[in-house]
Amino acid sequence: LEGVEVYDILEDKRGYIWLATQNGLIRYDGYEFKRHYYNPNDSATIKSIVIWSLYEDRNGYIWVGCLESLYRYDPATESFKQYAYSGLLDRQMYGNSGINSITADKGGRIYFGVASYMGETITHALFYYDETEDKLKRFDYPENVDVLNIGSATTDKEGNVWVTSRSGFFKISPARTLSKIELPAGITSQESVFSLRTAIDQSGTIWIASANSALFSFNPSTEVFNMYSLKGLTEDDRKPLVPSSIA
């Protein structure tokens with residue numbers, strides 16, 4: 001895997017390690033790496049080469065978020081099924097855009113967030129999978145609210161889905177209603193898909209990576225933010241630190 005950028009890593013329920021890379025989807029079984037290639041004679045193979053995000057749902061399917069496409073992998077049949085979402089956006093597919101984040105609520109609804117590496121504005125960046133109809137649908141926002149260019153989406157123990165985006169910080173309740181939480185002035189995305197990444201610790205505190213050399217914590221109970229500066233951690237503070245992931 002020399003020279004390959006890895007965007008996401010997933011350990012599935014069987015213990016396999018999946019890697020989302022700029023050069024394809026890769027599975028590691030403890031002994032060797034297997035790269036999944038497209039076979040034009042097999043419709044159950046994956047066409048995309050640039051993979052951004054991975055998620056294993058409650059049924060054991062692995063969702064593969066790609067540049068300009070989305071796939072679901074079935075471990076039982078070792079096959080891929082493609083799901084089109086370009087029709088869910090407000091206009092034709094954006095150049096260099098793709099599924100940047102995947103999560104699910106307690107009811108099993110899977111949410112997908114779209115972002116763009118080229119800085120294109122995506123005006124309706126959140127959609128979900130309808131299990132009963134086996135299709136993707138747009139998530140309807142309240143009037144005068146839109147979720148642009150999603151940075152990350154994660155779910156807490158209570159089943160709330162927390163979404164960071166270019167247009168702010170949002171909460172989707174277990175009842176699947178959307179509300180916006182105002183971010184502090186110090187949090188900025190700076191057009192980077194790596195900024196505004198999130199993780200939730202054991203206490204329920206939400207951590208947010210910002211593009212201005214800072215980390216923020218958010219207490220959902222009090223809705224209070226705290227900032228932690230990353231300055232002084234490198235020899236050159238003129239170059240802002242942008243954490244690409246939190247664990």
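In this predicted model, Leu25 has His36 of strand 4 as its bridge partner. The contact belongs to the pairing of strand 3, residues 24-28, with strand 4, which runs in the antiparallel sense over four bridges. Strands of a sheet pair through backbone hydrogen bonds, in either a parallel or an antiparallel arrangement.

The wider setting is an open sheet of four strands, ordered 1-2-3-4 and paired antiparallel. Strand 1 (6-11) and strand 4 (33-36) stand at the edges with a single partner strand each, so one side of each has no neighbour in the sheet. On average, neighbouring strands of this sheet are turned by 20° against each other, direction ignored.

Strand 1 also leads to the largest pocket, as it is one of the strands that supply at least two residues of the lining. Strand 5 (51-56), strand 9 (97-104), strand 13 (150-155) and strand 17 (198-200) each do so as well. The volume of this pocket is about 780 Å³. Its lining comprises 27 residues, of which Asp8, Arg197, Thr198, Ser245 and Ile246 are the closest to the centre. By character, the lining residues divide into 15 nonpolar, 10 polar and two charged.

The discussion now turns to charged side chains. Side chains of opposite charge can pair when their charged atoms come close. The model contains six salt bridges. In one of them, the side chains of Lys81 and Asp134 meet at 2.4 Å, N to O. Lys81 lies in strand 8 (residues 79-83), whereas Asp134 lies in the loop between strand 11 (126-130) and strand 12 (135-138), so the pair ties together parts that are 53 residues apart in sequence. Lys81 is partly exposed, with a relative accessible area of 35%, and Asp134 is likewise partly exposed, at 29%.

A further salt bridge joins the side chains of Asp105 and Arg176 at 2.9 Å, N to O. Asp105 is in the loop between strand 9 and strand 10 (110-116), and Arg176 is in the loop between strand 15 (168-172) and strand 16 (178-181); the pair therefore ties together parts that are 71 residues apart in sequence. Asp105 counts as buried because its relative accessibility of 8% falls under the 20% cut-off. Arg176, at 30%, is partly exposed.

Lys137 forms a salt bridge with Glu133, with the closest N and O atoms 3.0 Å apart. Salt bridges that share partners join Asp130, Glu133 and Lys137 into one network. Within this network, Lys137 is partly exposed at 22% relative accessibility, and Glu133 is partly exposed at 46%.

Note on methods:
Residues numbered from 1 in each chain as written. Predicted model: local features only at pLDDT ≥ 70, side-chain atom pairs only at ≥ 80, totals over all residues. Heavy atoms only, no water. Pairing = 2+ DSSP bridges. Axes fitted to C-alpha atoms, helices over the stretch in contact; angles between N-to-C directions. 1 Å grid on protein atoms, 1.4 Å probe; cavity = no way out; pocket = protein on both sides within 12 Å on 5 of 7 lines; lining within 4 Å. Points joined across faces, edges and corners; volume = space filled by probe spheres on them. Nonpolar A, V, L, I, M, F, W, Y, C, P; charged D, E, K, R; others polar. Salt bridge = Lys/Arg side-chain N within 4 Å of Asp/Glu carboxyl O. Buried < 20%, exposed > 50% of the residue type's maximum accessible area, 1.4 Å probe, protein only.
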